[in-house]
Every structure is written in structure tokens, then in C-alpha cells.
Amino acid sequence: MTHTYATEVKLFNKWSFDDIQVDDISLEDYIAVKPKFAQFVPHTAGRFQAKRFKKAQCPIVERLTNSIMMHGRNNGKKIMAVRIVKHAFEIVNLLTDENPIQQLVNAAINASPREDSTRIGSGGVVRRQAVDVSPMRRINQALYLITQGARAAAFRNVKTIAECLADEIINAAKGS
């Protein structure tokens, strides 16, 4: 009986982490897609909240998976979230013929805000002040917005959450 083992780490045994490019130089350190962060399944059970900025080492696909596990009824259901991400990546691959990990990276870069406003209060008068957004918050916000859009599109709709997530990723990657 011969056993075959994987020689390289591919996400869901399909998509390679080798040729993934992060085009935005400021977000390079906060999007973990280098072969060092490669994994077969986005489910490491790592303690990425234990220390400040440790979640920057969490692979971007797992962060997307964790972001899907929101809104009460989905809390803690990570295997369901992994299945949704897997189906969404297969749809992205079918529609674009590209590596879905690369599409997710492009989507995170395009969906992230570069500028935000904060409240400045002085003497009882509250004004809004424009501020730049840190790279970590840009990625957090982008993943949150992508999953939020997919969740809102799938709610009370015939389309599944995986189809809606695939649409969000493709549209954000295109910049539309």
C-alpha cells in the first residue's frame, strides 16, 4: 500500500501560496500570505489575540473565515465558515480563472479605506477631523466590509452566502 503525501502546502489542496503578490507596500506586513504562512485549511486555532499586533501573523484566509463567524447565530461555527470560504473560493476560481487567494488580497487592498474621520471635541463643540487610517485597521475594515456585504446580500435571498461572498471578493478585486 503506497501513501501519497502533499509535497507543497496548498489551501484546500488546490491553491498555492507561492506566487501571491501584495501590490500595496504599506499593507505588505499586515497581509499574511507568504509561503511561511501557508496552510491547508484556514483553521489553526491559533491565539492571535494574545498580544498586540499578533493578528498580523494570522493568515488572511483564516481572518476572512473568522470574520464570517459573526452575528449571534453564527458565533463559534468555524467549520461552517471554512466550508463557506472553500465554496466561495471555488466560485471565484471558476469565474476569474485566477488564484482566489490573490483575488482576496486584491479585494482587501481595494476595499480598505485610506482616510477616515474622527471626532474632535473642544468647548462643547464637536467637529469631524479627517485622519489617515493605519494599515492594520485598513485590513480589519476591509475584511469586515467584505463579509458584511456578503451577509447582507445573502439575507432573505436565493443566493447562498458563498455565492455572495464570491461576488463581493470579485467586485472588490476589480475595484467596482
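**Exercise 1. The overall layout**

How many helices and strands does the secondary structure of the chain come to? Work that out, then describe the chain as a whole.

*Solution.* Keep in mind that this is a predicted model.

- Step 1: Count the elements. You should land on 5 helices and 4 strands.
- Step 2: Read them off along the sequence. The pattern is β-β-α-α-α-β-β-α-α.
- Step 3: Get the dimensions. The C-alpha trace spans about 80 × 40 × 30 Å along its principal axes.
- Step 4: Look at burial and surface. Of the 176 residues in the chain, 39% are buried. The exposed area is about 10600 Å², and carbon and sulfur atoms supply 51% of it.
- Step 5: Check the contacts. Take those with a separation of 6 or more: residues 24 or more positions apart account for 61% of them.

**Exercise 2. Taking helix α2 apart**

Find which residues of α2 are buried, and work out how they are arranged around the helix.

*Solution.*

- Step 1: Place the helix. α2 covers residues 78-96, which is 19 residues. From first C-alpha to last it reaches 26 Å, close to the 27 Å expected at 1.5 Å a residue.
- Step 2: List the buried positions. They are Lys78, Ala81, Val82, Ile84, Val85, Ala88, Phe89 and Val92.
- Step 3: Look down the axis. The buried residues of α2 fall within an arc of 160 degrees, so they line one face of the helix.
- Step 4: Recall the helix geometry behind such a spacing. With 3.6 residues a turn, residues three or four places apart in an α-helix point the same way.
- Step 5: Turn to the other side of α2. Here Ile79 and Leu94 are exposed.
- Step 6: Find the packing partners of the buried residues. These are β1 (10-11), β2 (15-16), α1 (60-68), α3 (100-111) and α5 (161-174).
- Step 7: Peek past the end of the helix. Just after α2, aspartate 97 takes a positive phi of about 55 degrees.

**Exercise 3. Three salt bridges**

The chain has 6 salt bridges. Take the pairs made by aspartate 24, glutamate 62 and aspartate 167, and sort out whether the residues involved are buried or partly exposed.

*Solution.*

- Step 1: Start with aspartate 24. Its side chain meets that of arginine 138, at 3.3 Å from N to O. Aspartate 24 sits in the loop between β2 and α1, while arginine 138 belongs to helix α4 (residues 135-154), so the pair ties together parts that are 114 residues apart in sequence. Both aspartate 24 and arginine 138 are buried.
- Step 2: Move to glutamate 62. Glutamate 62 pairs with lysine 78, with the closest N and O atoms 2.8 Å apart. This salt bridge runs from helix α1 (glutamate 62) to helix α2 (lysine 78), across 16 residues of sequence. Glutamate 62 and lysine 78 are both buried.
- Step 3: Finish with aspartate 167. The partner is lysine 159, and the closest N and O atoms are 2.3 Å apart. Aspartate 167 counts as partly exposed because its relative accessibility is 25%. Lysine 159, at 33%, counts as partly exposed too.

**Exercise 4. Cysteines without a bond**

How many disulfides does the count come to? Check the surroundings of cysteines 58 and 164 as well.

*Solution.*

- Step 1: Look for pairs of cysteine sulfur atoms within 2.5 Å. The count comes to 0 disulfides.
- Step 2: Check burial. Cysteine 58 has a relative accessible area of 3%, so it is buried. Cysteine 164 is buried as well, with a value of 3%.

**Exercise 5. Two buried helix residues**

Which residues are in contact with glutamine 103 and isoleucine 146, leaving aside neighbours within four places in sequence?

*Solution.*

- Step 1: Locate glutamine 103 in helix α3. Its relative accessible area is 7%, so glutamine 103 is buried.
- Step 2: Collect its contacts. Glutamine 103 touches Val92, Thr96, Glu98, Ile169 and Ala173.
- Step 3: Locate isoleucine 146 in helix α4. At a relative accessible area of 2%, isoleucine 146 is buried.
- Step 4: Collect the contacts of isoleucine 146. They are Ala107, Ala108, Ala111, Leu165, Glu168 and Ile169.
- Step 5: Add a distance. Isoleucine 146 and cysteine 164 are 18 residues apart along the chain, and 9.8 Å separates their C-alpha atoms.

Key
Residues numbered from 1 in each chain as written. Predicted model: local features only at pLDDT ≥ 70, side-chain atom pairs only at ≥ 80, totals over all residues. Heavy atoms only, no water. Buried < 20%, exposed > 50% of the residue type's maximum accessible area, 1.4 Å probe, protein only. Helix = DSSP H or I, 4+ residues; strand = E, 2+ residues; numbered from the N terminus. Expected span 1.5 Å × (residues − 1). Arc of directions from axis to C-beta. Contact = heavy atoms within 4.5 Å. Salt bridge = Lys/Arg side-chain N within 4 Å of Asp/Glu carboxyl O. Areas by Shrake-Rupley, 256 points an atom, 1.4 Å probe, with all protein chains shown as cover.
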